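Trainee: I'm new to this one. Could you take me through a single part of it closely, starting with the nonpolar core?

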Amino acid sequence: MTEITLQVNGEEVTRSVTPRRLLVDFLRHDLGLTGTHIGCEHGVCGACTVLLDGETVRSCIMFAVQADGHRVETVESLSDDPGKLHPIQKAFWENHGLQCGFCTPGMLLATKELLGANPSPDESEIRTALAGNICRCTGYVHIVQSVKAAAESMAAEGGAR
Amino acid sequence: MKPPPFEYHAPTSLDEALEILDSLGSDAVPLAGGQSLVPLMNLRLARPANVVDINRIAGLDQIGVEEGRLTVGPLVRHSQIEASPEARDELPILSTVVPFIGYPAIRHRGTVVGSLAHADPAAEWPCVAVALDAEITLRSHGAERVVGADGFFTTMLTTVKEPGELLTGVSFRTDFDAFGFYEFARRHGDFAIIAAMVALEIEGDSVKGARVSVAGASDRPLRVAEAEAAIVGRALTPETADLAGDAAAEAVEPFEDIHGSSSYRKKLVGVAVGRALRQAGDRTEDRS
Amino acid sequence: MTAEGQAPKFFGARVKRVEDPRLLIGKGTFVDDIERVDMLYASFVRSVEARAKINGIDITEAEKMPGVVRVFTGRDFSGKEVRCVSSYDGFQVSGYPALAETEARFNGEALAMVVANDPYLAEDAAEGVVVDYEPLTPVVNAEKALLEDSPLVHEGWHSNAFVERRYQSPGFGEAKEAAKHSVSGRFVMARHSGIPLETRAAIGDYDKGSQRLTLWTTTQIPYLIRTGLADAIGLPENRIRIISPDVGGGFGVKAQLYPEELACSLASIELGRPVKWVEDRREHFLASHHAREHVHEATVYFDDDGIVDALEAKIVVNMGPYSVFPWTATMDTGMAMGILPGPYKIKHYSVLGYPVATNKAPYGAYRGVSRPAACFTIERLMDQVARHRGLDPAEVRRRNYVTGDDYPYKSAGGLEYDSGSMVESQDLLLEKLDYRGLREWQESERANGRLIGIGFGAYTEQTAHATKEFVQRGVPIVFGYETSTLRLDPQGTLVINSSIHNHGQGLETTLGQMAADALGIDLADIRVEYGDTSQAAYGSGTFASRSAVMAGGAARRASEQLREQLANVAAHNLEAAPSDIEFESGRVFVAGSPDKGFDFAQLCRMVYHRPELVPEGQQPILEATVAYDAPPGTGTFTNATQIAVIEVDPGTGGIEILRYAIVEDCGPMINPMIVEGQIFGGIAQGIGSAIYEEFVYDEDGHLMTTTFMDYLLPGTTEVPSIEVFHLETPSPFTVGGIKGMGEGGAIAPGAVIAGAVEDALAPVGSVMVDTIPLTPQRVLGYLESARETAARQ
């Protein structure tokens with residue numbers, strides 16, 4: 001077992017893990033942050049996407065020990081209060097950007113990264129940025145609309161979020 | 001799909017890493033980006049007894065320019081190349097290549113050098129390395145050697161790297177006059193079915209020197225001398241580009257898998273080489 | 001006092017979904033999110049062979065490995081199996097064991113189950129189980145499996161066909177003789193399936209004290225699972241509770257009883273501790289049920305005007321080794337036989353159907369069930385008729401469609417099309433796309449050397465089929481109704497408990513929309529609950545585009561009953577006639593005197609807390625249960641036309657979709673936003689069927705596509721922005737005239753894209769595109785054939 005200390009959603013956590021423990025299992029089962037999902041465990045589907053030091057990574061192909069000393073943000077970091085949704089969450093709600101909701105956490109975080117780098121992406125930029133996040137329900141049309149709407153509402157709010 | 005158990009090592013200096021690798025020999029595998037290694041471990045197709053994580057070693061993530069070469073350290077991520085002014089200035093073609101590699105989340109973690117070490121014959125970096133006459137530095141405890149890309153890849157997922165060695169950098173030649181890269185994959189971000197990269201030296205109206213490499217056509221990235229011969233000494237036109245493509249297709253005997261038969265890949269080699277050369281031609285025209 | 005008297009407030013509105021907030025903040029509850037005290041974890045050892053005799057399984061090393069509590073093999077669960085027997089004459093029966101004991105019948109079949117106190121350790125120990133296989137010759141190809149000299153998948157069977165079905169309409173022979181022209185083809189749709197992003201998962205939790213088993217499982221059909229499980233493991237049904245919480249996509253894949261559900265239950269009963277299994281993606285490819293593998297040999301007979309008079313077909317479906325519960329092995333063949341004539345007025349029909357046992361993975365439901373294959377065949381044939389007669393594909397279809405005056409129309413396949421708008425839908429789409437302009441543009445681009453193609457797909461989609469249909473199909477369970485129980489509490493808030501499941505379809509919202517208007521209450525005051533067999537009386541679940549129509553119809557009917565109960569109480573206390581009581585915006589009052597009445601909540605509280613004010617003979621509770629069997633029982637028919645514009649890259653064989661558009665008519669829409677989401681999702685899956693998705697087996701029956709690097713799902717860059725337009729032709733039979741529509745989008749894209757590719761290649765030469773998915777290699781093959789045809793002419 002190796003002791004690791006990292007910041008998860010703004011809070012410092014220290015735990016002992018076996019070296020092989022995948023970051024996604026650490027988040028879900030050791031910390032109870034079950035918003036991050038497992039879809040393939042080989043880095044293709046994007047359901048397990050989290051932010052590591054502000055950048056999207058696949059938590060299913062990273063060991064928890066590798067996150068020692070780093071900063072991790074999961075979907076729960078956006079807002080865990082249905083009454084105070086983050087503008088991206090709100091845009092997905094208003095534009096029907098989710099159906100079963102399983103890919104949604106990864107989509108939201110990929111969107112957050114995109115809009116951080118490019119506050120007003122066009123459709124092709126949105127599609128390229130989300131190409132590594134598979135959704136099996138929506139056909140992506142409403143997801144693309146949601147991202148556009150999120151960009152607009154964040155721009156209107158000053159993009160400070 | 002959980003990885004098998006292993007010992008974890010997190011050296012904080014290169015010397016320490018090399019000592020560990022030396023002592024463990026073939027029982028150890030270095031971990032840089034892990035975007036190929038960890039999926040293989042989850043599938044239990046790779047089961048290293050020891051994993052040596054080099055991510056805690058400072059200074060391995062440098063991109064530099066030295067003597068007509070772009071140098072890339074062993075922890076340089078794909079996405080760093082996209083953002084690097086040095087890479088943009090010295091080898092603008094790389095900004096065409098990198099978006100073909102997986103997705104943003106993969107490019108944030110995966111490394112250039114790790115991709116070379118993994119040596120997937122359909123991957124982009126090995127193909128780029130061959131076209132750009134790359135030199136790969138391998139260090140072991142007390143020794144260092146530099147191997148040219150032409151001799152680096154030996155077969156599927158295998159290179160000349162010996163147990164105890166670590167790839168500590170790669171440098172790409174930059175003194176070409178024109179470049180082209182074309183990739184065809186089933187979907188955006190997938191490994192190529194076939195990709196082709198060309199790097200040309202041009203004098204006046206004609207091609208003086210050419211390096212043409214192809215991914216996905218063999219057990220390793222392939223340098224296609226026949227295509228090079230077909231274009232050297234000629235003007236780069238759509239017609240000569242296609243002729244060189246035909247020569248490339250003629251020269252290869254690709255493997256087959258579920259994404260494409262050997263004969264399909266053979267055709268694609270011709271198309272990819274032809275299109276990469278046409279692209280190089282277009283870019284040359286843009287500049288003149 | 002009918003609800004129809006008022007303008008609906010929620011029915012038909014684009015309201016935001018009630019279920020979204022919890023999913024957006026990462027607080028959904030999926031099976032893998034559930035932890036139980038003292039829980040154990042299972043890992044399955046799966047057959048590496050397609051077919052082999054199991055000479056022995058050595059578990060001695062595995063049992064000694066760290067964390068291992070128990071290793072089960074087939075012997076431990078002997079005789080525990082899934083059985084599903086059709087009532088068709090001559091149906092050959094198979095048992096699908098919890099763990100195979102003597103023979104493995106597909107690559108990936110579960111042979112042993114390791115139970116350990118950690119999932120990583122369970123997987124380690126599974127590698128320590130040693131199976132002694134004696135490989136047998138596998139049966140892989142369904143058509144070859146029907147040959148006399150084929151090995152048999154099941155000992156004692158007389159052939160590999162589960163059953164042989166035939167139907168011939170009177171006068172077919174004469175019509176065939178009389179026909180002036182015919183075209184034939186052999187149409188192949190590769191094996192693929194729904195591939196939900198969440199894999200399957202189950203937790204068996206047996207409580208030795210109460211002797212009750214709770215099974216949390218990722219299922220679309222909790223009540224049927226309870227019955228099937230009770231029958232299979234021999235536990236009384238009143239001691240089993242199935243809970244299916246949030247489910248990450250189903251698409252039919254999660255609408256079967258699986259051996260792993262038996263195994264987790266049996267292991268928990270044996271060990272007295274909760275046993276959790278979470279399928280990994282590789283297992284999902286190997287052992288979650290596959291679908292779609294059809295081969296159709298078909299011929300249409302037609303006249304000079306391209307009017308099709310007769311259709312002849314042979315349908316072969318590769319079912320894998322077992323008949324799955326609750327569908328039986330006849331589902332795909334039966335449905336394809338019925339719907340093959342499609343939306344066309346084809347009078348004469350002859351068809352043979354063979355569901356064939358093979359040594360591939362078992363075969364179950366996937367969105368559209370057999371209709372994508374049927375649509376592919378008939379639409380490809382319609383395009384051939386057009387080409388044969390030199391007609392535009394749109395024109396040939398128009399000449400053959402069932403039209404307004406024909407409804408209700410009894411099809412040559414024996415289905416009753418209740419209503420539809422084939423011609424109107426096509427016309428609207430052609431108009432929206434400026435079809436003539438599009439063709440002109442295509443011509444000009446062809447002159448520039450571009451391979452641009454336009455493809456069509458039209459269909460009528462049987463939805464919400466109920467008792468009558470399933471009786472005809474010979475299934476052991478007639479999926480005839482869905483149940484909704486509505487209960488108002490003293491605060492006047494409503495709970496709807498329904499027998500359906502919701503895993504993306506928005507039913508937590510639309511069932512509320514169905515119920516709200518009759519009671520004049522707000523959606524915020526309604527909760528929809530499902531997925532727990534302790535909640536509703538019984539019902540089948542969510543599949544076959546039925547839930548909104550059937551559970552929604554039930555909810556509407558039950559809400560009307562509650563309205564009646566409340567109206568009686570209000571009338572009794574307001575000294576008015578019940579028929580004069582109105583419900584609006586949270587008020588219940590006498591018509592014309594809004595002040596003379598009660599707040600809705602006040603009235604509900606009165607019923608529960610002041611029983612003396614309830615009229616005699618009425619119960620002092622507010623509850624209504626309706627099981628709704630959507631009339632006429634043979635389904636209500638949604639219809640659509642889809643068109644794609646594509647470009648083929650002659651160098652690579654790659655297909656780019658330039659435009660994709662649909663007109664869909666599913667009757668009045670409860671929530672158009674949700675309808676559109678379903679359409680987009682269905683079309684995206686259909687694009688997967690058309691271009692990307694295929695389970696590839698080698699000659700020995702080994703599955704070659706076991707990762708997302710090999711089995712390709714369409715992503716954001718593969719699915720275009722889809723244009724959608726609506727017509728709303730109501731069903732004459734269902735509550736509110738609504739029709740199902742969940743599957744429709746997925747039905748046509750195979751036909752549409754194939755037609756478009758064929759059209760794109762037309763300037764090169766004539767070729768019939770008859771196989772999907774259209775991998776780039778296949779497309780180049782067709783291009784090559786087109787060149788050869790041109791060279792021969």
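Mentor: Sure, and keep in mind that this is a predicted model. The largest nonpolar core has 420 residues, and the ones touching the most other members are Val214(B), Val114(C) and Val757(C). As for where the core gets its residues, helix H16 of chain C, residues 547–574, gives the most, with 12 residues.

Let's zoom in on Val114(C). Setting aside neighbours within four places in sequence, Val114(C) is in contact with Ala42(C), Ser43(C), Ala62(C), Val68(C) and Val71(C), and also with Ala122(C), Ala125(C), Ala126(C) and Val129(C).

Chain C also meets chain A: 45 residues of chain A and 43 residues of chain C take part in that contact. On the chain A side, the elements giving two or more residues are helices H2 (87–94), H3 (104–117), H4 (123–129) and H5 (141–156) of chain A. H2(A) supplies the largest share, four residues. Sorted by class, that side of chain A has 22 nonpolar, 15 polar and eight charged residues.

Now back to chain B, the chain of Val214(B). Chain B has an open sheet of three strands, ordered E1-E3-E2, with parallel pairing. Strands E1 (7–9) and E2 (28–31) of chain B are the edges, each pairing on one side only. From one strand to the next, the twist averages 25 degrees. E2(B) pairs with strand E3 of chain B, residues 50–53, in the parallel sense over four bridges. For one residue pair, look at Leu31(B): its bridge partner in E3(B) is Asp53(B).

Note on methods: Residues numbered from 1 in each chain as written. Chains lettered and ligands numbered in written order. Predicted model: local features only at pLDDT ≥ 70, side-chain atom pairs only at ≥ 80, totals over all residues. Core = buried A, V, L, I, M, F, W, Y, C linked by C-beta atoms within 7 Å. Buried ≥ 20, exposed ≤ 12 C-beta atoms within 10 Å, placed from the backbone. Contact = placed C-beta atoms within 7 Å. Pairing = 2+ DSSP bridges. Axes fitted to C-alpha atoms, helices over the stretch in contact; angles between N-to-C directions. Nonpolar A, V, L, I, M, F, W, Y, C, P; charged D, E, K, R; others polar.
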